[in-house]
Amino acid sequence: MIVWQINNSSTVLSNTLNFAIVKSITWKCPSNIALVKYWGKKEGLQLPANPSLSFTLNQCHTVTTLSFSEKEDDNTLLVSFAFDGKRMPSFEPKLEKFFKNAESMFPFLTRYLIEINSTNTFPHSSGIASSASGMAALALCLCSMEQEISGSVSGGDFYEKASNVARIGSGSACRSVYGPLTLWGETEHFAGSSDLHSVKIDLFHPVFKNYRDAILIVESGEKEVSSTAGHALLKDHPFSMARYDEANNNLKKLLKVLQNGDLKAFTDIVENEALMLHALMMTGETPYILMHPNSLAIIKHVWKGRKENGLHLTITLDAGANVHLLYPEEEEDKAVEFIRNELLQYCLNGQVIYDKTGEGPLQL
Ligand code: PMV
């Protein structure tokens with residue numbers, strides 16, 4: 001297990017922390033899949049260039065336990081982090097940056113020794129982004145720690161602060177603190193929306209309550225270009241302004257669809273968003289392609305298949321090769337049969353994660 005001693009600008013490895021645990025907090029937090037994508041940032045600390053909207057998932061989640069004990073000095077931040085009981089050097093730069101930014105929101109942190117243990121319920125090698133569920137789980141643990149120490153969280157509502165803190169770790173993570181539908185980013189189309197935190201969408205058509213998401217695993221391992229680099233490439237992208245306009249238009253249309261349950265319009269908007277995200281990657285100054293030939297094969301089969309079987313199958317993509325296949329609960333049996341017969345052949349080792357929309361995080 002790694003132990004950091006985070007000083008102002010440097011991270012120093014020291015010995016494993018051995019302390020009598022005073023208190024432990026555990027949160028289980030799901031990942032999410034964006035329907036309108038966040039892609040590109042404004043000036044500031046992780047602020048979105050356009051509003052985004054997502055389904056919160058149910059099966060793909062991170063479980064994080066934060067344990068803390070008071071220490072003698074209060075001038076250094078001492079944190080240990082283990083993933084599946086092991087040190088994870090690839091997570092450390094992101095966590096270090098997160099803690100440096102989060103310190104001002106939790107000024108008491110330097111008074112404690114903090115041990116964090118995290119694990120995912122989905123395979124780490126499946127290529128599913130775990131930063132959304134991981135950062136949100138950590139933010140929820142820190143808010144619970146503050147509540148434990150001070151009796152309440154500073155700056156207002158518990159979940160609002162957790163979302164705000166999660167955003168600092170990973171933008172899309174701020175949408176994981178509520179389920180099943182959340183919106184992040186200020187927009188005139190949704191009252192109370194903010195760039196700082198997500199908001200829960202309370203009223204929606206019942207068809208979206210248990211919407212299915214079959215995640216078709218095409219590729220595993222690290223992405224060639226990180227999301228951080230991808231967001232940065234939008235800054236000088238020739239289509240960025242048109243993209244932000246389109247995202248706002250799609251958001252407006254999708255908010256209407258979430259009320260009226262028009263599944264044909266849902267497919268049109270969600271697929272337009274997914275393909276635009278990947279088109280932006282291919283058309284910037286430094287072009288790159290994250291789709292795999294099997295991602296395209298799946299998309300083409302879904303488009304052909306749904307014309308024949310009439311199912312409401314919708315594809316979407318994250319910044320990666322895996323394809324999320326969305327469909328309503330009532331069509332589950334036929335959709336699963338279609339996946340088995342037509343799509344499994346394109347999945348890495350036949351891997352599919354059958355997930356659905358969920359109610360959000362849970363303190364254990
Ligand atoms: O939260 P980040 O910085 O990993 O960016 C996520 C970006 C997308 O997954 C592509 C879209 C989204 O809104 O989740």
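This report describes a predicted model, taking in turn its domains, an enclosed strand and a four-stranded sheet.

## Domains and their interface

The domain assignment of the protein divides it into domain 1, covering residues 2–202, and domain 2, covering residues 209–356. Between the C-alpha centres of domain 1 and domain 2 the distance is 26 Å, and contact between the domains involves 33 residues of domain 1 and 42 residues of domain 2.

About 3100 Å² is buried between domain 1 and domain 2, with 70% of this area on carbon and sulfur atoms. On the side of domain 1, the residues that lose the most area to domain 2 are L35, K37 and W39, which together account for 26% of what that side buries.

## The enclosed strand β7

Strand β7 spans residues 77–83, and because seven of its seven residues are buried, it is largely enclosed by the rest of the structure. In a regular strand, side chains alternate between the two faces of the sheet. In β7, L77, V79, F81 and F83 point one way, while L78, S80 and A82 point the other way, and all of these residues are buried.

The pairing partner considered here is strand β8, residues 112–120, which runs parallel to β7 and is joined to it over six bridges; within this pair, S80 is found opposite E115 of β8. Together with helix α1, residues 92–102, the strands β7 and β8 make up a β-α-β unit that is left-handed.

## The four-stranded antiparallel sheet

Strands of a sheet pair through backbone hydrogen bonds, in either a parallel or an antiparallel arrangement. An open sheet is formed by four strands in the order β12-β13-β11-β14, with antiparallel pairing. Its edges are occupied by β12 (314–317) and β14 (352–356), each of which pairs on one side only. On average, and with direction ignored, neighbouring strands of this sheet are turned by 25° against each other.

Within the sheet, strand β11 (residues 212–216) runs antiparallel to β14 and is joined to it by five bridges, and I215 is placed opposite I353 of β14.

## Helices packed on the sheet

Helix α6, formed by residues 263–282, packs on the sheet and touches β12 and β13 (323–327), its direction making about 30° with that of β12. Helix α8, formed by residues 332–343, also packs on the sheet, where it touches β11, β13 and β14, and its direction makes about 150° with that of β13. Strand β13 is thus touched by both α6 and α8.

Definitions and conventions: Residues numbered from 1 in each chain as written. Predicted model: local features only at pLDDT ≥ 70, side-chain atom pairs only at ≥ 80, totals over all residues. Heavy atoms only, no water. Pairing = 2+ DSSP bridges. Helix = DSSP H or I, 4+ residues; strand = E, 2+ residues; numbered from the N terminus. Axes fitted to C-alpha atoms, helices over the stretch in contact; angles between N-to-C directions. Contact = heavy atoms within 4.5 Å. Buried < 20%, exposed > 50% of the residue type's maximum accessible area, 1.4 Å probe, protein only. Right-handed = clockwise from strand over helix to strand, strands pointing away. Domains from an automatic or database assignment. Buried area = accessible area lost by both parts, 1.4 Å probe.
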